[in-house]
Amino acid sequence: MAKINVLDSSVFNLISAGEVVERPSSVVKELVENSIDAGATSISVGIKEGGISSIVIVDDGCGIDKDNMRLAFLPHATSKLAKAEDLDNIATLGFRGEALASVSAVAQVTMTSKTQDDEVGNYITLSAGKVIEEGKRAIAQSTSIEVENLFFNTPVRKKFLKKPKQEEANVTAIMIQLALANPDIKFKYTVDNKIVFQTNGGLEEAVFAVYDNEIANGLLPFDVTYDNYRIYGYTGNASIAKHNRNYQTIIINGRVISNQTISTAVSQAYGNRLMTRTFPVFVLNIVMPFDDVDVNVHPTKTDVRFADSHKVFSCVYKAILATLAAQEQNLILGNSNSTDNKQTQVAQTKQTNIDKKIDVCLTKPQNNLEKPSVNYDKIDKSVDALFNEKDNIESDKYQALIDKQKKVVEELKYSKDLPKMQTKVSDSGGTSPFSAIGTKSKISNNLADSKPEFETKLSLLEMIDEQLESEFKVIGQIFNTYLIVESQGLVHFIDQHACHERLIYDKLLEEVNSNSVGVQYMLVPYILDCSNTQYEYICAIQDNLKDLGFDIEEFGGLSFKVNSVPHLLNDINLAVFFDELFAERQSGIGLKNSDLIRDKLAQKACKSAIKAGAQLDNDQIKTLLAGMNNGVPLQCPHGRPAVLSYTRRDFDKLFKRII
């Protein structure tokens, strides 16, 4: 048996450093978290050459006195834990006491600090884990740590570092996450003496400080509470999706982490809203009881373990899904989605009510030859009541139209020719003059003389109603692929295949989620052989599969027999389907039946939809758009945009009419 050696501190510190200090970004994360735990309200971080040659961190926290400076660099030294029970209720970021020891083992480190009780500051310098200098230094209350020549004594590890610019990008990503996770702290981050970003307090301000305007303006805020879990932050719309996960920040009780349960919950909430191989942008904060989460499961605390992962998944899924659903609207041709056009819809409803009530007041069929009478007082009260309701539309455009109509009613009321017309009509036929207007029946000469005036007034009423109820105008088709439609001051370019594909997909989805899918039995059942994990997964989602139309039963060992498939997928390749299903391995928590076959439904919709290149005339375009009762979809099932909209101002800018 080989001799067992007790390793010297210089050796086991290097091993520990390998777990905690992987690259410059690891050093920055550990030391900034120490500053946060020290109660800092302002933290400055500066790096040079990607942090390889120099990292300087300055904070205004409580500081550390001379007696504790040496202790801070010892392994397993911490001020945050005293006994084992404290591990069950960890509220700080750093607690293992290995960061400073690990960093000083592979670099040259100088710490300078002054507490409120100290008359003068103190400093200590270490190289390769050994103290080489210490003394006093005149500074204000603060703590600064300077790390130089990282991995200078471990050339093998230094060889595996990336180029300075790439290491800089890693540090920047960490700094962005720390700034978003601690919005109440003022951060200043510089690279090679140039300021990259600076925050001044508040989550929204931090978002705009660390991201460009395109990303920041595309984020949707949310803040919900489920039981004793608070879920809040920002999540991005489909237009700012990225091709990597660098723009995703997960924060648990102030700690930035990476966690598969939460990432999966967010991905499933987005569903098919994003294009394939793109990822959402989000800043997700979760505040939960400290004893519901174990943060001591990873050397760098980048992952955590939850007491109830199902609950965490469900809360995150519901929060993101509700936020996305709240801002999603199809394009309603004839009424845009803006506030002004919502007022337009209400104005149209109001106008219809006005017309009906005025008709009731002014027009009443007469069944005898008695002289009809017009109750002007009733007209007055009805019209005034209609135009003075509390919820009248304030839009200037439609108020002007309503004022015109009111004026017409007033003119009708005070028309001098009205009594004559009543008499003549009564004498000639006994019907109301208002019901006679526009008919083909012959009337007296006196009434005929006045007819143009009334027809003009009636046409004005009809014109106003027509203008209020205007619909979209089809301009045509270009490249046999894109439809051009004008509506409410906007020009919409519609991808005919994408919007028709989404229309078909939504109908299929509705059929699936309503559990009304037909079943097609197979002549020869399909035998599915599984591994242990695959078997467990099929057992977990077996009920979902049966609801979809897959008659699936155990067939001995780790096998299943599939007797039927949904009629929607009668041409499905079951071997490919189950391979893809196992590859995705979606969580059963909050799982909809349609989630399991979403891609297959999208493929079927794609095959059935109008293709790009199909020529459509204006009547066919109108028929297609009229069939979209809920409006034109804004995205296809694969996340591609289906509609692009432009204003007159956009075109004026393109043609330099306005600058």
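## Strands β1, β7 and β8

Strands β7 and β8 (residues 194-198) run antiparallel to each other and are paired through 4 bridges. This pairing, like everything below, is read from a predicted model. Across the pair, Tyr-189 stands opposite Phe-197 in β8. The two strands form a hairpin with 2 residues between them, and in this hairpin Asp-192 has a positive phi near 50°.

Strand β7 (residues 186-191) also pairs with strand β1 (residues 42-48); here the strands are parallel, and 6 bridges join them. One position in this pairing is Gly-46, whose bridge partner in β7 is Thr-190.

## The protein as a whole

The protein has 659 residues, of which 45% count as buried. Its secondary structure comes to 23 helices and 22 strands. Among contacts with a separation of 6 or more, 69% are between residues 24 or more positions apart.

## Nonpolar cores

In soluble globular proteins, nonpolar side chains tend to be buried together. In this model the largest nonpolar core has 58 residues. The residues with the most contacts inside this core are Val-32, Ile-43, Val-147, Met-175, Leu-180 and Tyr-211. Helix α6 (residues 164-181) supplies the largest share of the core, with 8 residues. A second core, separate from this one, has 33 residues, including Val-562, Leu-568, Leu-596 and Ala-609.

What does Ile-43 touch, leaving out residues up to four places away in sequence? Its contacts are Val-32, Ser-35, Ile-36, Ile-57, Val-58, Asp-59, Ile-185, Lys-186, Phe-187 and Lys-188. One of these, Val-32, is also listed with Ile-43 among the residues with the most contacts in the largest core.

## The loop after β8

Thr-199 lies in the loop between β8 and α7 (203-210). Is Thr-199 buried or exposed? Thr-199 counts as buried, because its relative accessibility is 2% and the cut-off for buried is under 20%.

A polar atom of the Thr-199 side chain lies 3.4 Å from the backbone oxygen of Ile-185. Ile-185 is also one of the residues in contact with Thr-199 once neighbours within four places in sequence are set aside. The others are Ala-179, Lys-186, Phe-187, Glu-205, Ala-206 and Ala-209. Ile-185, Lys-186 and Phe-187 are also among the residues that Ile-43 touches.

## Helix α8

Ile-215 is in helix α8 (residues 213-217). Ile-215 is buried, with a relative accessible area of 2%. Not counting residues up to four places away in sequence, Ile-215 touches Ile-240, Lys-242, Tyr-247 and Val-281. Of these, Tyr-247 is 32 residues from Ile-215 in sequence, and the two C-alpha atoms are 9.6 Å apart in space.

## Salt bridges

Side chains of opposite charge can pair when their charged atoms come close. The model has 13 salt bridges. In one of them, the side chains of Glu-33 and Lys-29 meet at 3.1 Å, N to O. Both residues belong to helix α2 (residues 24-37), where they are 4 residues apart, about one turn of the helix. Glu-33 and Lys-29 are both buried.

Another salt bridge joins the side chains of Asp-652 and Arg-648, also at 3.1 Å, N to O. These two residues are 4 residues apart in helix α23 (residues 648-654), so about one helical turn separates them. Which of the two is buried, and which exposed? Asp-652 counts as buried at 14% relative accessibility, whereas Arg-648 is exposed, with a relative accessible area of 58%. Lys-561 and Glu-553 form a further salt bridge through their side chains, at 3.4 Å, N to O. Glu-553 is partly exposed, with a relative accessible area of 34%. Elsewhere, salt bridges link Glu-22, Arg-23 and Glu-167 in a network.

## Cysteines

How many disulfides does the structure hold? The count is 0. Two cysteines can be described by their accessibility. Cys-315 counts as buried at 4% relative accessibility, and Cys-499 counts as buried at 0%.

Methods: Residues numbered from 1 in each chain as written. Predicted model: local features only at pLDDT ≥ 70, side-chain atom pairs only at ≥ 80, totals over all residues. Heavy atoms only, no water. Pairing = 2+ DSSP bridges. Core = buried A, V, L, I, M, F, W, Y, C linked by side-chain atoms within 4.5 Å. Buried < 20%, exposed > 50% of the residue type's maximum accessible area, 1.4 Å probe, protein only. Contact = heavy atoms within 4.5 Å. Salt bridge = Lys/Arg side-chain N within 4 Å of Asp/Glu carboxyl O. Disulfide = S-S within 2.5 Å. Polar contact = N/O pair within 3.5 Å; in protein donor to acceptor, adjacent residues only side chain to side chain.
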